Amino acid sequence: MTMTYIIIGLIALIVIIFIVAGVRIVPQSEARVVERLGKYHRTLNAGINIIWPIIDKEREVKTRHIEKSWNDEYYVKFRTTRAIDLRETVIDFPKQNVITKDNVTTEINALLYYQIVDPFKSIYEIDNLPNAIEKLTQTTLRNVIGELELDETLTSRDTINSKLRNVLDDATNKWGVKVNRVELQDITPPLSVKEAMEKQMQAERDKRATIIASEAAKTAVVNKSEGERDAKINAADGEKRSNILRAEGEAQAKIVQAQAEAEAIRLVAEAVASTKTDPATYLLATKYIQAFSQLTKGGDKTVFLPYEATGVLSSIGSIKDLFPTK
């Protein structure tokens, strides 16, 4: 009886150990691949999973790590693990030399953001996935930069990032990987090229400054000439308007004077209507009298009269009829 209990206890202990050995707790955002007798069996997702010990075995995968050496240099080291990280992973590539289309050697380092979407393909379609992605990114970067000149490389980062992402995403799709982003961290041309670029940029700045200064001087001259032209136009326009107003005033004055003379003639005509004196003769004689008064204002005592004036003066006597004496 005691032996029976011992055997049962041993069997129960073996079962418990067997069950405990077969329990797998997978954290969130991780997955594991299980092989049964060397063949793919299933993928363990987050949570509690049960496998058969001995006959089921979790497949090991490699992960990429950056470590620092004793001389402060960084190097890449690969480790083995059973967990497959389903989160977005960042690979920071060390600087590498690439040659542009115009044969300029440039140092470029990049960042790659990728995510495993199919754990089965990431293990069985490629060996050492992180290393494969790194090498593929480096070769693709060389190909893309090799199609661009240095100036295009420095000014077309978005274009380069987009091309790299598209090429890498297509190539890694069969590996169960989704490439989300590729970012160029730094582009470092050779020192001689940098100095030449700085001189070129300085010359370009000086050129722009000279052009801006000349355009400003040109604008100032044009504005000054336009101002002088507008001033002359305004002065001429003012003079024109002044002459017009003066002419209109003189014309108006002549009209008023003519109207006054006409009224005077009318009144004279009405006054001499009852006499035999001709109104025209009266007016003419009046004009001669006014002219004589102006001549006598001078210092000369001798006055020369035209012969025709005697006929007019003879008619002055008829004017006295208009003004009877008391």
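Mentor: Let's start with a term: a salt bridge is a side-chain nitrogen of Lys or Arg within 4 Å of a carboxyl oxygen of Asp or Glu. The model here is predicted, so local features need pLDDT of at least 70 and side-chain atom pairs count only at pLDDT 80 or more, while totals for chains, interfaces and linings use all residues. Residues are numbered from 1 along each chain as its sequence is written, and side-chain values use heavy atoms, with hydrogens and water left out.

Trainee: Thanks! How many salt bridges does the structure hold?

Mentor: Side chains of opposite charge can pair when their charged atoms come close. One example here joins R87 and D85, with N and O 2.9 Å apart. The number of salt bridges in the structure is 10.

Trainee: How many helices and strands are there in the protein?

Mentor: Both kinds of element are DSSP runs numbered from the N terminus (helices are H or I, at least four residues; strands are E, at least two). With that rule, the protein has 8 helices and 12 strands.

Trainee: What share of the 326 residues is buried?

Mentor: Buried means under 20% relative accessible area, exposed means over 50%, and partly exposed lies in between (1.4 Å probe, protein chains only). Among the 326 residues of the protein, the buried share is 25%.

Trainee: Back to salt bridges. Which residue does E58 meet in a salt bridge?

Mentor: E58 sits in strand β5 (residues 56-58), and its partner is in strand β1 (residues 23-26), so the pair ties together parts 34 residues apart in sequence. The closest N to O distance is 2.5 Å. The partner of E58 is R24.

Trainee: Is E58 buried or exposed?

Mentor: Its partner R24 has a relative accessible area of 23%, so R24 is partly exposed. E58 has a relative accessibility of 5%, which makes it buried.

Trainee: Which residues do salt bridges that share partners join into one network?

Mentor: We have already met the pair of E58 and R24. Another salt bridge pairs R181 with E88, at 3.9 Å between the closest N and O atoms. That pair links distant parts of the chain, with R181 in strand β12 (residues 177-188) and E88 in the loop between β8 (84-85) and β9 (89-92), 93 residues apart. As for the network, salt bridges with shared partners join R24, R32 and E58.

Trainee: R181 lies over the face of which residue?

Mentor: A charge sits over a ring if NZ of Lys or CZ of Arg is within 6 Å of the ring centre and within 35 degrees of the ring normal. R181 is partly exposed, because its relative accessible area is 35%. R181 is 4.2 Å from the ring centre, and the ring belongs to Y113.

Trainee: How many aromatic pairs does the structure hold?

Mentor: Rings of Phe, Tyr and Trp (its six-membered ring) pair if their centres lie within 6.5 Å; planes under 30 degrees apart count as stacked, over 60 as edge-to-face and the rest as tilted. By that rule, the aromatic pairs number 3.

Trainee: What kind of pair do the rings of Y40 and Y124 make?

Mentor: Y40 belongs to strand β3 (residues 39-44) and Y124 to helix α2, 84 residues apart, and the pair links distant parts of the chain. The ring centres are 5.9 Å apart and the planes stand at 80 degrees, so the pair is edge-to-face.

Trainee: Which residues do ring pairs link into a cluster?

Mentor: Y124 also forms a tilted pair with F120, at 4.9 Å centre to centre and 40 degrees between the planes. F120 and Y124 are 4 residues apart in helix α2, so about one helical turn separates them. The cluster is made of Y40, F120 and Y124.

Trainee: Is N103 buried or exposed?

Mentor: N103 has a positive phi of about 60 degrees, although it is not a glycine. Its place is in the loop between β10 (96-99) and β11 (105-116). With a relative accessibility of 65%, N103 is exposed.

Trainee: And is N128 buried or exposed?

Mentor: N128 too is a residue other than glycine with a positive phi, near 60 degrees. It is found in the loop between α2 (119-124) and α3 (129-146). At 14% relative accessibility, N128 counts as buried.
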